[in-house]
Amino acid sequence: MATLEDKILGEKLQYYYSSSEGESDDEHPGSNNKGKSESLKIIPENKIMGQSHWTGSTTNTGPKGVIKDWQRFKQLETEKRESEEREKMVLIKKLSISARSTAEDSKAKEQEQFDEELAELMSDDFLLQYQKKRMAEMLSVAGKLPTFGTLVDIPNGDDFLQSVDEEQKTVTIVIHIYDRYDTACKNMNKALSELAPEYKNVKFCKFISTAAGLSMFFKSYGVPALLVYKAGQMIGNFVRVTDDLSDEFSSSEVEGFLIEAGMLPDKSCIPAIITGLPSSSN
């Protein structure tokens, strides 16, 4: 009867044979096989089934050892397969990067040439030359503006309208409404006369309040007043400017007031590449 171990191992009792089978009495003369237990010899499985594919070794020949060996074998196969797949993907990526068509090569060369030209254009020397060129163009446009340089007297209302409406649209017109007996108005006329030569493209004018037809209240409390026009439109209206400048003021204070109000250009903002002076560093 087969044992439990034989059941688990598959009852390979057909691979067992007696050591006494096939032996002639001549090989063992005088031997008596009766009453003696027959010793069994095991025929190796590879002799019967052929050479096994498993080349590993194990020290545990029981069922659990066989299962573990088989699991380890399958794990190694899986790892090897994954490693081969990774190598294939790396090779495919390399080939896809290096294998470019003629059109792609041409496009890549054009891009490289464009990058080189852009780097050259963005150099400091080129940018400086470009800035100088643009500033020169702007100055040439500004040079076409009419020049004045003096404080213009407007005698009547018709001349007032003509000075505003018929002037070029790019010209800034500053008109002082004054009273001939007011000390602050006299001081303002003096200050504008000093500013006119410095801002030759700005038209500075004075207009007496009596010719403007203003009320007595405005003549008494509204002067000195500065009206600023451009392109026929009023862009600034400053009544009784002594409230901001006090009764005693200089031409530089009037200049600062108009610059702060945005009516005059700030000369300190002119780029150094135009003036030719080195820029001051903080």
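Residues count as buried under 20% relative accessible area, as exposed over 50%, and as partly exposed in between. The structure analysed here is a predicted model. On this scale Asp115, at 39% relative accessibility, is partly exposed, because its value falls between the two cut-offs. Asp115 sits in helix α4, which spans residues 102–121. Together with Glu112, Glu116 and Glu117, Asp115 forms a negative surface patch.

The nonpolar interior was examined next. The largest nonpolar core comprises 21 residues. Within this core, the residues with the most contacts are Met188, Leu192, Phe204, Leu226 and Val254. Two helices and two strands each supply two or more residues: α7 (183–195), β5 (202–208), β6 (225–230) and α11 (251–260). Helix α7 contributes the most, with four residues. In soluble globular proteins, nonpolar side chains tend to be buried together.

Salt bridges were then searched for across the whole structure. Three were found. Side chains of opposite charge can pair when their charged atoms come close.

One salt bridge joins Lys74 to Glu77, with the closest N and O atoms 3.2 Å apart. Both residues belong to helix α3 (residues 63–98). They are three residues apart, or about one turn of the helix. Lys74 has a relative accessible area of 36% and is therefore partly exposed. Glu77 is also partly exposed, at 30%.

Another salt bridge links the side chains of Glu167 and Lys203, at 3.1 Å from N to O. Glu167 lies in the loop between α6 (157–165) and β4 (172–178), while Lys203 lies in strand β5, so the pair ties together parts that are 36 residues apart in sequence. Glu167 is buried, because its relative accessibility of 18% is under the 20% cut-off. Lys203 is likewise buried, with a relative accessible area of 10%. Strand β5, which holds Lys203, is also among the elements that give two or more residues to the largest nonpolar core.

The remaining salt bridge is formed by the side chains of Arg240 and Asp243, at 3.3 Å from N to O. Arg240 is partly exposed, with a relative accessible area of 31%. Asp243 has a relative accessible area of 58%, over the 50% cut-off, and so counts as exposed. Arg240 lies in the loop between β7 and α10 (242–245).

Backbone geometry was considered next. Arg240 is notable here too: its phi is positive, at about 50°, although the residue is not a glycine. Ala231 is another non-glycine residue with a positive phi, of about 55°. Ala231 is found in the loop between β6 and β7 (233–238). At 41% relative accessibility, Ala231 is partly exposed. A cis peptide bond runs from Val223 to Pro224, with omega near -5°. Pro224 occupies the loop between α9 (216–221) and β6. Strand β6 thus borders both the loop that holds Pro224 and the loop that holds Ala231. Strand β6 is also one of the elements that give two or more residues to the largest core.

Two pairs of residues separated along the chain were also examined. Lys206 lies in strand β5. The C-alpha atom of Lys206 is 8.8 Å from that of Pro155, with their positions 51 residues apart along the chain. Lys206 is partly exposed, because its relative accessible area of 24% falls between the 20% and 50% cut-offs. Phe218 is located in helix α9. The C-alpha atoms of Phe218 and Val239 are separated by 9.2 Å, and the two residues are 21 residues apart along the chain. At a relative accessible area of 22%, Phe218 counts as partly exposed.

Key
Residues are numbered from 1 along each chain as its sequence is written. This is a predicted model: local features need pLDDT of at least 70, side-chain atom pairs count only at pLDDT 80 or more; totals for chains, interfaces and linings use all residues. Side-chain values use heavy atoms; hydrogens and water are left out. Patches are made of residues with over 30% relative accessible area and no salt bridge: like charges are joined within 9 Å, nonpolar side chains (Val, Leu, Ile, Met, Phe, Trp, Tyr) within 5 Å. Accessible areas come from the Shrake-Rupley method with a 1.4 Å probe; for residues, only the protein chains shown count as cover. A salt bridge is a side-chain nitrogen of Lys or Arg within 4 Å of a carboxyl oxygen of Asp or Glu. Lys and Arg count as positive and Asp and Glu as negative; His and the chain ends are not counted. The place of a charge is taken as NZ of Lys, CZ of Arg, CG of Asp or CD of Glu. Buried means under 20% relative accessible area, exposed over 50%, partly exposed in between (1.4 Å probe, protein chains only). A nonpolar core is a set of buried Ala, Val, Leu, Ile, Met, Phe, Trp, Tyr and Cys residues joined through side-chain atoms within 4.5 Å.
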